[in-house]
Amino acid sequence: MSCILHIETSTSVCSVALSQDGAVLHHREDVSGPNHAVSCGVFVDEALSFAESHAIPIDAVAVSKGPGSYTGLRIGVSTAKGVCYGRGVPLVAVPTTELLCVPVLLYHDEVPENALYVPMIDARRMEVYAAVYDRGLREVRAIGADVVTPETYLPYLEQGPVCFFGNGAAKCADIIRHPNAIFLKDIHPLARHMLPLAERAVAQERFEDVAYFEPYYLKEFVAIKSKNLL
């Protein structure tokens, strides 16, 4: 198994983790606010020092690729690229929406097995970035920028239970009042939860071009919003 450095900075939470052989060896998290410019570098240095003190070579770097905070993603991706260049290791990118699903699948047994999962990342007003997944993390609907109304997710809610979570979900609870809607609180994208997604990407050799890789938010959603303003 590979030793992977994980970096997550897509929301106000900054986190870094180190994993090997399917287990998290080291992790740090800052939930006090958007302090990524300070915390990310410190946490990465600590993780690399841990690896070196245990004679563990870093085989790859995994980074959350968004959507999410413009500034946060830039800090995380820039840091990840720096480690990749400095150590000559590959980069893998994990969709933030998939990452948000991991703790729900692992730790929330109260969610029905037939539920769909809708991770939500806060944008502005009643807008969120969201996707729809099934229990196997198969994409039912791709990531999109949604203006949330009672009808936005109605086709899925009429089929069965739908679980909403992430930092964009709380503001939707008063809007989406369907009996099949389930809302979970305090679900954050964390580096220590990237392990299964990053290991799968490494095993499948789904590596990014370090020179040209950009977060999903920067490359796709900014372009969409700019086009809509023309």
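Which residues are buried in helix H5 (residues 195-203)? The exercises below treat this and related points.

The structure is a predicted model, in which local features need pLDDT of at least 70, side-chain atom pairs count only at pLDDT 80 or more, and totals for chains, interfaces and linings use all residues. Residues are numbered from 1 along each chain as its sequence is written, and side-chain values use heavy atoms, with hydrogens and water left out.

**Exercise 1.** Identify the buried residues of H5 and the elements that cover them.

*Solution.* Helices (H or I, at least four residues) and strands (E, at least two) are DSSP runs, numbered from the N terminus. Buried means under 20% relative accessible area, exposed over 50%, and partly exposed in between (1.4 Å probe, protein chains only). By this criterion, Leu 195, Leu 197, Ala 198, Glu 199, Ala 201 and Val 202 are buried in H5. Their cover includes strands S1 (3-8), S2, S3, S4 (60-64) and S5 (91-94), together with helix H3. Just after H5, Glu 205 adopts a positive phi of about 55 degrees.

**Exercise 2.** Describe the surroundings of Glu 98 and Val 104.

*Solution.* Begin with Glu 98, which is found in helix H3 (residues 96-107). Glu 98 counts as buried because its relative accessibility is 16%. Contact means heavy atoms within 4.5 Å. Leaving aside residues up to four places away in sequence, Glu 98 touches Tyr 133, Leu 137, Leu 197 and Arg 200. With the side chain of Arg 200, the side chain of Glu 98 also makes a polar contact at 3.4 Å. A polar contact is a pair of N or O atoms within 3.5 Å; within protein, one must be able to donate a hydrogen and the other to accept it, and residues adjacent in sequence count only if both atoms are side-chain atoms.

Next, Val 104 is also placed in helix H3. Val 104 is buried, because its relative accessible area is 1%. With residues up to four places away in sequence again excluded, Val 104 touches Val 111, Tyr 117, Cys 163, Phe 165, Leu 184 and Ile 187.

**Exercise 3.** Characterise the pairing of S2 with S3.

*Solution.* Two strands pair if DSSP finds at least two bridges between them. Strand S2 (residues 14-20) and strand S3 (residues 23-30) run antiparallel and are joined by 7 bridges. One bridge partnership links Leu 18 to His 26 in S3. The hairpin has 2 residues between the strands, and Asp 21 takes a positive phi near 55 degrees there.

**Exercise 4.** Locate Ala 55, Arg 125 and Pro 67, and state the backbone feature of each.

*Solution.* Ala 55 lies in the loop between helix H1 (36-53) and S4. Although not a glycine, Ala 55 has a positive phi of about 55 degrees. Ala 55 counts as exposed, because its relative accessibility is 67%.

Arg 125 is placed in the loop between strand S6 (116-122) and strand S7 (127-133). Arg 125, not a glycine either, has a positive phi of about 45 degrees. At 70% relative accessibility, Arg 125 counts as exposed.

Finally, Pro 67 lies in the loop between S4 and helix H2 (70-87). A cis peptide bond joins Gly 66 to Pro 67, with omega about 10 degrees.
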